[in-house]
Amino acid sequence: VSVILALIITGWIYHRGRKRKNIERFGPLALYHTNRGIKFIEKIASLSPRFWKVFASIGVIVGFIFMFDVALGMYFSAKTILITPTAPAGAVIILPGLEVMGIRIPVLGWLMGVIVLLFSHEFAHGIIARAEKIKVESVGALFLGFLPIGAFVKPDEKHLRRVKTIKQLRIFAVGS
């Protein structure tokens, strides 16, 4: 905890005093924008735009199915909790180093999984945006101090607002 707090505080102090055009600051949060990775996204998207559009369309359908399933699950969990106040938890936060349902989650394995998931998720948004002929302005990471806590792909939002709803849905759903 001390190391994490030190990374957050020193990163905040470091970024607070610097003016750089590719970094946006929001208190201890910093968004780092870069163009690295955009050519890779364009290369992957150009391999088979039709495949990516079909893949993303399947993602939209699966996304709606899972939204319905989650809504039903929440309804039944709430109903169970109201009827049986001592009901077990329906969801558990999985953190590294903790034992969850009898399984100990190794820190390195958890971290590697999160990184792979984060990059594949964000790059998928960018790949479909390019397959739909929408420019990707930048990619980047979100930092809390010096701790990387997120990533993003920033499409041309003006163009994105003007395209058909199905294209928007493809871009938004494919990450998940």
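Start by selecting R130, which at 25% relative accessibility counts as partly exposed. The model on screen is predicted, and residues are numbered from 1 along the chain.

**Stop 1: R130 and its partner**

Keep R130 selected and add E42. The two form a salt bridge, with the closest N and O atoms 3.5 Å apart. This pair links distant parts of the chain: E42 belongs to helix α2 and R130 to helix α4, 88 residues apart. E42 is partly exposed, at a relative accessible area of 32%. How many salt bridges does the count come to? The count comes to four. Side chains of opposite charge can pair when their charged atoms come close.

**Stop 2: R170 and E132**

Now select R170, in helix α6, which covers residues 165–174. Is R170 buried or exposed? With 15% relative accessibility, R170 counts as buried, because the cut-off for buried is under 20%. Add E132 to the selection. R170 forms a salt bridge with E132, and their closest N and O atoms are 2.7 Å apart. R170 lies in α6 and E132 in the loop between α4 and β5, so the pair ties together parts that are 38 residues apart in sequence. E132 is buried too, with a relative accessible area of 3%.

Add K167 to see the network: E132, K167 and R170 are linked by salt bridges. Then show what else surrounds R170. Leaving aside neighbours within four places in sequence, R170 is in contact with K53, A56, S57, V60, I128 and E132.

**Stop 3: K133, in the loop**

Stay in the loop between α4 and β5 and select K133. What is the phi of K133 near? The phi is near 65°, a positive value in a residue other than glycine. Most residues other than glycine have a negative phi. K133 counts as exposed, at 61% relative accessibility.

**Stop 4: helix α3**

Two of the contacts of R170, A56 and V60, lead to the next selection: helix α3, residues 49–83. At 1.5 Å a residue, the 35 residues of α3 should span 51 Å, and the end C-alpha atoms are 50 Å apart, which agrees. Within α3, pick out W52, A56 and V60, which are buried. An α-helix has 3.6 residues a turn, so residues three or four places apart point the same way. To find what lies over the buried residues of α3, show α2 (38–47), α4 (107–131) and α6, which are among the elements that cover them.

**Stop 5: the strands**

Select strand β1 (residues 23–26) together with strand β2 (residues 29–34). The two pair in the antiparallel sense over four bridges. Which residue in β2 does R25 stand opposite? R25 stands opposite A30. The hairpin of β1 and β2 has two residues between the strands, and in this hairpin G27 takes a positive phi near 65°.

Next add strand β5, residues 136–144. Six bridges join β2 to β5, and these strands run antiparallel. At L29, look across to L144 in β5, which stands opposite. In a regular strand the side chains alternate between the two faces of the sheet.

**Stop 6: K154 and E137**

With β5 still shown, select E137 and then K154. K154 forms a salt bridge with E137, the closest N and O atoms being 3.7 Å apart. K154 lies in strand β6 (residues 147–155) and E137 in strand β5, so the pair ties together parts that are 17 residues apart in sequence. K154 is partly exposed, with a relative accessible area of 30%, and E137 counts as partly exposed at 32% relative accessibility.

**Stop 7: helix α1**

Finish at helix α1, residues 2–16, where I13 is found. I13 is partly exposed, with a relative accessible area of 46%. Which residues form a nonpolar patch on the surface with I13? The others are V1, L5 and I9, and the patch has about 410 Å² of accessible area together.

Last, select V3, which also lies in α1. V3 counts as exposed, at 60% relative accessibility. For a distance across the model, add V116: V3 and V116 are 113 residues apart in sequence and 24 Å apart in space, C-alpha to C-alpha.

Methods: This is a predicted model: local features need pLDDT of at least 70, side-chain atom pairs count only at pLDDT 80 or more; totals for chains, interfaces and linings use all residues. Side-chain values use heavy atoms; hydrogens and water are left out. Patches are made of residues with over 30% relative accessible area and no salt bridge: like charges are joined within 9 Å, nonpolar side chains (Val, Leu, Ile, Met, Phe, Trp, Tyr) within 5 Å. Accessible areas come from the Shrake-Rupley method with a 1.4 Å probe; for residues, only the protein chains shown count as cover. A salt bridge is a side-chain nitrogen of Lys or Arg within 4 Å of a carboxyl oxygen of Asp or Glu. Buried means under 20% relative accessible area, exposed over 50%, partly exposed in between (1.4 Å probe, protein chains only). Contact means heavy atoms within 4.5 Å. The expected span of a helix is 1.5 Å times one less than its number of residues. Two strands pair if DSSP finds at least two bridges between them.
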